[in-house]
Amino acid sequence: MVGGTAVAERPPKVAEGVPATKEEVVASPTDVSAEAKYLAESLTILVIGASGDLAKKLTAPALYELYQRDYLPKQMTIVGYARSEKTDEELRDAWRPVLVKKHKGEEDRIDAFLSKVIYRRGQYDSAEDVKGVFAEMEEREQADGQEVANRLFYFAVPPSVFADIGSAIKEGALSKTGWNRLVVEKPFGKDTASFEELSKTINGLFTPDQTYFVDHYLGKEMNQNLVVLRFANSMFEPLWNRHYVESVVITFKEDIGTEGRGGYFDSFGIIRDVMQNHLMQMLALIAMDPPVRAAGEGFGDYVRDEKVKVLQAIKPISLDKCVIGQYTAPDDGSMAGYTEDDTVPDDSVTPTYAALVMYVDNPRWAGVPFVMKAGKALDEKKVEVRIKFHTPAAASAMFPGVRVPANELVLRVQPNEAVYLKTNVKTPGLAGAPVASELDLSYGSRFDDKMADSPSAYTRLILDCLRGKQAAFVRDDELRAAWKIFTPLLHDIEAGKKQPTKYKAFSRGPAEADEFVSRFYERDPTYEWHPPCQGDAKM
C-alpha cells in the first residue's frame, strides 16, 4: 500500500504483517529489515518552528502516537527550535494540553514523552545557532553509546525561511554516522516559477532520498487503501478505463469558513490550498497505470513514476473549464462573509469555492471527465471520490419505461470512511423495477476495533520517513507537473479575468457550479447512503 505501513518487518517468530517493535529490533537486529533498524540507533528530531500551531496541533501529536506505539528509539531527543524565547518546560506546557485532550488517562505516559522534548532558541539563518544545538546533541548521542546517530529535520515553517534554515542545517547539523532526512510541509510554492525556486533551493542542499515533501492526504486511511483496492482485486482493473467509466468526481467540502485565517488563506485560495495538492494526489492514484511493484524494495519510485505520467497527460485548465465562488454571510448572520473578515481585502477575488473539469489524455482515460469540487462554508463536511460507470448497454430495451440507475464506486475519505458500490437490485415486494442499493464496506463497522485506535495521517507519514519509505511523499517532478496544470488558471483569476460568484455560507455553493458539474455527472436524487451502525454484525 502507499506508505507501506502494513508491510511485515518483524522477525519470523512474530506474527506476519505487524511491524517490529523496539524490543524485537534491539534483541534481534539481524532478523529485521533495514527499515526498522533505526529503532536500535540514536535519533534526534529537530522540529523547526516548534512554537507554532502546526508543530503543536499536528507534529507533536504524531510524534506522541509513535512514542505511544513504541516506534521511537529509546535513545531519542526531540528538539524544538524557533526564534522566540522559551524554556524546555514552556514548550512542554504548550504541547501537553493538545496531547491530554486526545489521550485522556495517559498523563504519565505523556509526561514521559515530554521529558524527551527540549527547546533551543536560534535564528533560522544562523549556522552558528544550529551548530551549537547539534554540538550539544552530539554529546547526548555519544553518552548514549550508540555508533549510529540518525537525524530528522521537520520543517513546520513557511517556505520563506526554507533556504535559510536548510543552509544552516547543511553546514552545521548533519549526522556523519547515520541518515539525515528532511520533512517539508506545504505550500510548495504558489505557482510554477515559485516552485522551481523552492525546488532549486532544496535540491541544492539535499539529495532526493533525503527530502520528504508531505501531503498529509496521502497518509489518510482511504488514500493509503487506493493502491490495494485497485490492484489487489481482480474485478476492478478490467473495468478501470474509458470503456466502462463514464466520469470521476472528487469532492472536498468544509462546513467552516476561514476561521481567523482569512489573511493567510487570501494569499492562496481554495485551488492552491486543496486542489493543486490534496485532490490532485488522489486523482493521480485513481488514474495511474499499475506500478511495477506496490510493496517491497523500490516500490515508492515505481508508484510515483506512474502518478507523474498521469499528471503529465493533463492539459492546463482554462477559464471555461471552471466555476469559482466566494461565500457571503448566511441569512441568519451566524458567520461573517469572506470579505467581511478584517484581514481580507474588500475587493478580493480569491475563490473559497471552485469546480473544474480536466481530462487525462492517454489510452486508458481519453474522453473521461475528471471533475473536482472544493469549497469552504458549505452545507456539510465531506471528502469523497465517485467513479461512475456507464449505464448497461440496451438497458432501456430490457427494462422499457424504467430508469436504470448507473453503478458507482464511492470512496469516502472522511468522515465515516467507507467503500461502497452502488448496484441495482429488484425493488422488494410486488414491484419489479431496479433500485440502487449498495455493497458496503464501512470501516467504522467492519474494523471498529482498529479504527478506534487508527493513527493520524501525520503519524503514518513520519513513521514512513523514519523507515525511509517515500511512496506516500510527493516527488518534485509530481509537484512540477501539478503546478503546470494549475498555474495558467491561477494567473488568469488573479488578473481579474474571472470573478467569483457569490454563494451563501452553508449552502451547496454557487448555483452555476451545480449546472456546470451536471454537464459531466448526473447525480441520482433518489439515492442517499447511510453509514451502518457501529458494531453491526460482521460475516
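What share of the 539 residues of the chain counts as buried? In this predicted model, the figure is 53%. Show the whole chain as a cartoon to begin; 17 helices and 15 strands should appear. Among contacts with a separation of 6 or more, 76% are between residues 24 or more positions apart.

**Stop 1: the parallel sheet**

Select strands 1 to 6. These six strands form an open sheet with parallel pairing, and the order across it is 3-2-1-4-5-6. Colour residues 117–121 and 211–214 to mark the edges: strand 3 and strand 6 each pair on one side only. On average, neighbouring strands of the sheet are turned by 20 degrees against each other, direction ignored.

Now zoom in on residues 149–155 and 180–185. These are strand 4 and strand 5, which run parallel and are joined by five bridges. To find one bridge pair, pick phenylalanine 153; its partner in strand 5 is leucine 182.

Add residues 127–144, which make up helix 5. Helix 5 lies across strand 1 (42–48), strand 2 (76–82), strand 3 and strand 4, and runs at about 170 degrees to strand 2.

**Stop 2: helix 15**

Select residues 457–467. Is helix 15 buried or exposed? Of its 11 residues, 11 are buried, so the helix is largely enclosed by the rest of the structure. The buried residues include Arg460, Asp464 and Arg467, along with Leu461, Ile462 and Leu463.

To see what surrounds helix 15, keep the sheet on screen and add residues 53–68 and 221–231. The buried residues of helix 15 pack against strand 1, strand 4, strand 5 and strand 6, and also against helix 2 and helix 8. Glycine 468 follows helix 15 and has a positive phi, near 80 degrees.

**Stop 3: helices 10 and 11**

Hide the sheet and select residues 269–287 and 299–312. Two packed helices are described by the angle between their axes and the distance between the axes. For helix 10 and helix 11 the angle is about 105 degrees and the axes are 9 Å apart. The two helices are therefore roughly perpendicular to each other.

Show side chains at the contact. Helix 10 contributes Met280, Gln281, Leu283, Ala284, Leu285 and Ala287, while helix 11 contributes Val303, Lys307, Val310 and Leu311. By type, the residues of this contact are eight nonpolar, one polar and one charged.

**Stop 4: the largest nonpolar core**

In soluble globular proteins, nonpolar side chains tend to be buried together. Here the largest nonpolar core has 151 residues. Select Ile271, Leu283, Met358 and Phe486, the residues with the most contacts inside this core. Helix 10 supplies the largest share of the core, 12 residues.

Centre the view on methionine 358. Which residues does methionine 358 touch, not counting those up to four places away in sequence? They are Met280, Leu283, Ile314, Ile317, Val368, Pro369, Phe370, Met372 and Phe486. Two of the names to look for, Met280 and Leu283, also belong to the contact of helix 10 with helix 11.

**Stop 5: strands 11 and 12**

Select residues 382–389 and 408–414. Strand 11 and strand 12 run antiparallel and are joined by six bridges. Valine 385 stands opposite leucine 411 in strand 12. Strand 12 is mostly covered, with seven of its seven residues buried.

**Stop 6: backbone details in the loops**

Display backbone atoms for the remaining selections.

- Lysine 186 and proline 187: the peptide bond between them is cis, with omega about 10 degrees. Proline 187 sits in the loop between strand 5 and helix 7 (192–205).
- Glutamine 414 and proline 415: a cis peptide bond joins this pair as well, with omega about -20 degrees. Proline 415 is in the loop between strand 12 and strand 13 (418–426).
- Aspartate 70: phi is positive, about 70 degrees, although the residue is not a glycine. Its loop connects helix 2 and strand 2.
- Phenylalanine 506: phi is near 75 degrees, a positive value in a residue other than glycine. Look for phenylalanine 506 in the loop between strand 15 (501–504) and helix 17 (511–518).

Finally, switch on the surface around phenylalanine 506. This residue has a relative accessible area of 36% and is partly exposed.

Definitions and conventions
Residues numbered from 1 in each chain as written. Heavy atoms only, no water. Axes fitted to C-alpha atoms, helices over the stretch in contact; angles between N-to-C directions. Helix = DSSP H or I, 4+ residues; strand = E, 2+ residues; numbered from the N terminus. Parallel < 35°, antiparallel > 145°, perpendicular 65-115°, else oblique. Contact = heavy atoms within 4.5 Å. Nonpolar A, V, L, I, M, F, W, Y, C, P; charged D, E, K, R; others polar. Pairing = 2+ DSSP bridges. Core = buried A, V, L, I, M, F, W, Y, C linked by side-chain atoms within 4.5 Å. Buried < 20%, exposed > 50% of the residue type's maximum accessible area, 1.4 Å probe, protein only.
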